[in-house]
Number of protein chains: 2
Amino acid sequence: MDAVSASEDQVFAALASPVRREVLRLLRDGGPQPVRKLAGNFAMARPSLSEHLRVLREAGLVTERKEGRERLYRLEAVPLTEVQQWLSPFERFWRDRLTGLRDLLDRLDDEGQDDEREDRDEREEHGQEEERR
Amino acid sequence: MDAVSASEDQVFAALASPVRREVLRLLRDGGPQPVRKLAGNFAMARPSLSEHLRVLREAGLVTERKEGRERLYRLEAVPLTEVQQWLSPFERFWRDRLTGLRDLLDRLDDEGQDDEREDRDEREEHGQEEERR
DNA sequence: GTGACAGGTAGGAGATTTCCTACCTATAGT
DNA sequence: ACTATAGGTAGGAAATCTCCTACCTGTCAC
């Protein structure tokens, strides 16, 4: 009942810590790593990192494998789909926002490299945009 | 300068609470709403929800607007792009995973027991570089 | 065997979160 | 003016989080 449950709550809670997000990034970029190597990236004592790893493990975001006297921690990305799925119904709202005229003016400079659907402007349909001026 | 900071840390921390995620969902589906209406969806006392709203406000995820004696809270989805941006480099990892043969098989065989994906370890081969067997 | 090293677990201190009840101001209606 | 309503803030209790220092087991090397 641990390490594979990956409930939405657990995943979001695990991601709330910058340390744990960094661990996931390290595992993503560096492949499976032993605890000591991961700990080298942080100021905290090694057992503290172990606890962060436990949180990640219980959220299903990492798995460990014994390798000699080390334990290799490895990224398990699948539970992150919970986040993506939670996020996706919001997507059209920030698209609306980012392509809106006001925001366009606000951020002329970082508007150049995004994708290029121009289909916005069905804003204002849930009453969600009923104020601006 | 408070409703627009939207640091990654604040956004992730705000999303860590199921209550706050639900508030965002309610605002997304129901449009801007006064505090009392939002509070009706939860068992907690109204001032407690006010604090959750403050956290969301400080993360830039909602804004408020005075409307008579009410305050309409409104979803601000843009800071959620921080989450999406953090997430996107992980995408290929779960894609790899979900389209992998072994996981397909795993999935078929625990399709009936829902929350108990058993251990079935020892399957590495591509995902994480520097992985040998 | 002994020693050195990897890493988990225990217990605790201090900070933070999450809830509460009381209380405050501001607005609307009479 | 007075009363009722909306909602923020204060202060505190309890739970949880995050870090620490011990301490424990398991494995490699000799």
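This is a short walk through a model of two protein chains, A and B, with DNA strands C and D, and the model is a predicted one.

Let me begin with the fold of chain A, which has 7 helices and 3 strands, and which, if you read along the sequence, runs in the order α-α-β-α-α-β-β-α-α-α. Chain A has 133 residues, and 43% of them count as buried. If we take the contacts in chain A between residues at least 6 apart in sequence, 51% of these join residues at least 24 apart.

From there I would like to go inside, to the largest nonpolar core, which has 60 residues. Which of its residues touch the most other members? They are L15, L24 and L61 of chain A, together with L15, L24 and L61 of chain B. In chain A, domain 1 (8-78) and domain 2 (80-125) both give residues to this core, so the core lies between those two domains.

To see one of these residues in its setting, please find L61(B), and leave aside its neighbours within four places in sequence. Its contacts then include V11(B), A14(B), L15(B) and L24(B), and also L56(B). Further along the chain, L61(B) is in contact with R74(B), L75(B), E76(B), P79(B) and L80(B).

Staying with chain B for a moment, I would point you to S17(B), which sits in the loop between α1 (8-15) and α2 (18-30). Is S17(B) buried or exposed? Its relative accessible area is 10%, and because the cut-off for buried is under 20%, S17(B) counts as buried. A polar atom of the S17(B) side chain lies 3.2 Å from the backbone nitrogen of V19(B).

Now we come to the DNA, and I will take strand D before strand C. There are 22 residues around DNA strand D, and those that come nearest are A45(A), S48(A) and H52(A), with R46(B) and S50(B) from the other chain. Which elements supply at least two residues each to this surface? From chain A there is α4 (46-58), and from chain B there are α3 (35-39), α4 (46-58) and β3 (70-75). By class, the surface near DNA strand D is made up of 11 charged, 7 nonpolar and 4 polar residues.

Of the strand D atoms within 4 Å of the protein, 61% belong to sugar or phosphate, while the rest belong to bases. As for individual pairs, an N or O atom in the side chain of S48(A) is 2.6 Å from a phosphate oxygen of strand D, and a backbone N or O atom of R36(B) is 2.8 Å from a phosphate oxygen of that strand. R69(B) also takes part, with a side-chain N or O atom 3.3 Å from a sugar or linking oxygen of strand D.

Turning to DNA strand C, we find 22 residues surrounding it, and the closest are R46(A) and S50(A), along with A45(B), S48(B) and H52(B). Here chain A contributes at least two residues from each of α3 (35-39), α4 and β3 (70-75), and chain B does so from α4. The surface near strand C has 11 charged, 7 nonpolar and 4 polar residues.

For the strand C atoms within 4 Å of the protein, 60% are in sugar or phosphate and the rest are in bases. Phosphate oxygens of strand C lie 2.7 Å from a backbone N or O atom of R36(A), 3.0 Å from a polar side-chain atom of R20(B), and 2.6 Å from a polar side-chain atom of S48(B).

Notes:
Residues are numbered from 1 along each chain as its sequence is written. Chains are lettered from A and ligands numbered from 1 in the order in which they are written. This is a predicted model: local features need pLDDT of at least 70, side-chain atom pairs count only at pLDDT 80 or more; totals for chains, interfaces and linings use all residues. Side-chain values use heavy atoms; hydrogens and water are left out. A nonpolar core is a set of buried Ala, Val, Leu, Ile, Met, Phe, Trp, Tyr and Cys residues joined through side-chain atoms within 4.5 Å. Buried means under 20% relative accessible area, exposed over 50%, partly exposed in between (1.4 Å probe, protein chains only). Domain bounds come from an automatic or database domain assignment. Contact means heavy atoms within 4.5 Å. A residue is near a molecule or strand if one of its heavy atoms lies within 4 Å of it. A polar contact is a pair of N or O atoms within 3.5 Å; within protein, one must be able to donate a hydrogen and the other to accept it, and residues adjacent in sequence count only if both atoms are side-chain atoms. Helices (H or I, at least four residues) and strands (E, at least two) are DSSP runs, numbered from the N terminus. Ala, Val, Leu, Ile, Met, Phe, Trp, Tyr, Cys and Pro count as nonpolar, Asp, Glu, Lys and Arg as charged, and the others, Gly among them, as polar.
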